[in-house]
Amino acid sequence: MSEIAKRTGGQVLVDQLLIHGADCAYCVPGESYLEVLDALHDVKDRFTLYNARHEAGAADMAEAYGKLTGRPGICMVTRGPGACHAAVGVHIAFQDSTPMILLVGQVGRDTMDRESFQEIDYRQMFAPVAKWAAQIDSADRIPEYMARAFRVATSGRPGPVVLALPEDMLTDVVEVADAMPYRPSVPALTSEDSASVMAALAGAERPLLLAGGPGWSEEGCAALLRFADANRLPVATSFRRQDLIDNRSDVYVGDLGTGVAPSLVKRLAEADLLLVIGARLGEITTRTYATLSVPTPAQTLVHIHSDADEIGRVYSPTVSAVSGPDAALAALNAQPSALAAEDWCTTLRREYLADSKPPPHDYPLDMGQAMADLRDLLPADTVITLDAGNHTGWAQRFLRYARPGRQIGSTCGSMGYAVPAAVAASLQEPKRQAIAFVGDGGFMMSGMEIATAAQHGGRPIVLVFNNGTYGTIRMHQEREHPERISGTDIASSDIGRIAEGLGAAHERITETAQFKPALLRAFEHDAPTVIELMTDPDQISTRTTVGRLRGA
């Protein structure tokens, strides 16, 4: 048996990251985890450290990496303020079911429980928004804790793990064996379960398949399309999961997100069976739990989810099974088909296509036509990242998604997400085009991460929808309190100078004809580009205007 080398806690931790397949981390450096930073210096040929401009940006980048790869995104921040700033990314990862590990430098063990400089108990702080939050007090146990962290983050319903690292623990020198590479535990659909699902489908006249949630591979998405085609099942997707199925397919009928088509809401009510694979049936997807009756829907509900605790949390299913989406589709495709009525799927598809045609209007910048131009020009593997806000309705309603392209957005409505997410996507694969959709409000929260892209060789395109208002809140405000504007105006900023100062090219678009040429120039630019879209504040969403809200 070979002798175990002596290592510092920081070195042991970095070795575990490599053993478990991590290839990068996003950070803002801090003195509380200098030993980890020092150990990373020795593995620069195998591990890339991206230093962000803000801990929230670093955490959002790690979360986006988790969405893109299915592997835990690694974020490193220092104690106190650093951890507080990064909490937003943990919240996103929790609600979006994204694998992520946040490593937080902690005060020394000899000063704990004295409210020493920047001290917080991270086990208490993150307990409500993490799958597991712990502190490693002994360097001998780093392999154990890290192996568990990777498994917890990726098994069942994925999510974030937070580990606090006392700085003196990281300097301890220990002799400890490494852990084995982790393997996630993902449940699979049994043949009996799949037969029950198909029996329920066979008895339905107007079935609808709802796909969503995490854990889908390229193979799983392809299997979903095969299953839907074989059974003539119309497929809708949950909020910001439109990339699970080729939107050009005859079976895709729209998304149940913030901009859901009224026709799809109507057809959901008419459906006699709803087959849900992977989605949680959360608040946005169900329009605040209104489109399905609580706790027993009028439709026959068949719910397949990787976490048993999610099944029956709000809605009581007729048939249920615990399985990851890939395993579920593999089992279902092995069953004989249960063909749905041809005209049912055809009707829903026709209504989706009609709703995705840009409506006419008189604004100088026609965002519907701009989206049509963008849709025609996008490379197949483009990553679209979405911020919070009504402006994302343009991408959700008018673009078409399909793997290997991706739609990456925060389902918990976190402003400032899109720019760091696009930076992470661009850094992960610089030749792939990443495009962020962000409002002027969200851009001012995290636009500085463009500098992170510029420093490390990323080239995202950032579309800034500049209308001088917090659009979503303004829409609610005009609906509830017409013409009483309070707190929703944004003072004008020189986004061009900001973008150029961060290392990006900048174009300002005021008319529809200017958009396509600017986009083509951005595709060719070997650095970040910010395209500022001067949109009319009256056009508050893809479906209404401020004027109509006031009139109503």
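Analyst: A salt bridge is counted when a side-chain nitrogen of Lys or Arg lies within 4 Å of a carboxyl oxygen of Asp or Glu. The model is predicted, so local features need pLDDT of at least 70 and side-chain atom pairs count only at pLDDT 80 or more, whereas totals for chains, interfaces and linings use all residues. Residues are numbered from 1 along each chain as its sequence is written, and side-chain values use heavy atoms, with hydrogens and water left out.

User: What makes Arg 141 and Glu 144 a salt bridge?

Analyst: The closest N and O atoms of Arg 141 and Glu 144 are 2.8 Å apart, and the limit is 4 Å, so the pair qualifies. In the whole structure, 31 salt bridges are found.

User: Why are Arg 141 and Glu 144 each called partly exposed?

Analyst: Buried means under 20% relative accessible area, exposed means over 50%, and partly exposed lies in between (1.4 Å probe, protein chains only). Arg 141 has 38% relative accessibility and is therefore partly exposed. Glu 144, at 45%, falls in that class as well.

User: How do you know that Arg 109 and Asp 172 form a salt bridge, and where in the chain are the two residues?

Analyst: Their side chains meet at 2.7 Å, N to O. The pair links distant parts of the chain, 63 residues apart. Arg 109 is in the loop between β5 (100-106) and α5 (122-126), and Asp 172 is in the loop between α7 (167-171) and β8 (173-174). Such elements are DSSP runs numbered from the N terminus: helices are H or I with at least four residues, strands are E with at least two. Arg 109, at 29% relative accessible area, is partly exposed, and so is Asp 172, at 27%.

User: What makes Arg 474 and Asp 489 a salt bridge, and is Arg 474 buried or exposed?

Analyst: The closest N and O atoms of Arg 474 and Asp 489 are 3.9 Å apart, and the limit is 4 Å, so this pair also counts. Arg 474 is in helix α18 (residues 471-480), and Asp 489 is 15 residues away in the loop between α18 and α19 (495-501). Arg 474 is buried, because its relative accessible area is 9%. Asp 489 is exposed, because its value is 51%. Elsewhere, salt bridges that share partners join Arg 157, Arg 280, Glu 310 and Arg 313 into one network.

User: Why is helix α15 described as largely enclosed?

Analyst: Ten of the eleven residues of α15 (residues 418-428) are buried, so the rest of the structure largely encloses this helix. Among the buried residues are Val 419, Pro 420, Val 423 and Leu 427.

User: What makes Met 415 eligible for a surface patch?

Analyst: Patches take residues with over 30% relative accessible area and no salt bridge; like charges are joined within 9 Å, and nonpolar side chains (Val, Leu, Ile, Met, Phe, Trp, Tyr) within 5 Å. Met 415 is partly exposed at 31%, and it lies in the loop between β16 and α15. Met 415, Met 445, Tyr 470 and Ile 473 form a nonpolar patch with about 340 Å² of accessible area together. That area comes from the Shrake-Rupley method with a 1.4 Å probe; for residues, only the protein chains shown count as cover.

User: How many cavities are there, and what makes a space a cavity?

Analyst: On a 1 Å grid over the protein atoms alone, a cavity is a set of points where a 1.4 Å probe fits but cannot get out, while a pocket is an open set with protein on both sides within 12 Å along at least five of seven lines; lining residues have an atom within 4 Å of a point. Four cavities of 30 Å³ or more are found by this rule. The largest cavity holds about 160 Å³, a volume being the space filled by probe spheres set on points joined across faces, edges and corners. Of its 20 lining residues, the closest to the centre are Gly 254, Asp 255, Ala 261, Tyr 352 and Asp 355.

User: Why is Gln 299 called buried, and where is Gln 299?

Analyst: Gln 299 has a relative accessible area of 6% and is therefore buried. It is in the loop between β12 (273-277) and β13 (300-305). Its C-alpha atom is separated from that of Gly 551 by 36 Å, the two residues being 252 residues apart along the chain. Ala 39, in helix α2 (residues 34-41), is likewise buried, at 5% relative accessibility.
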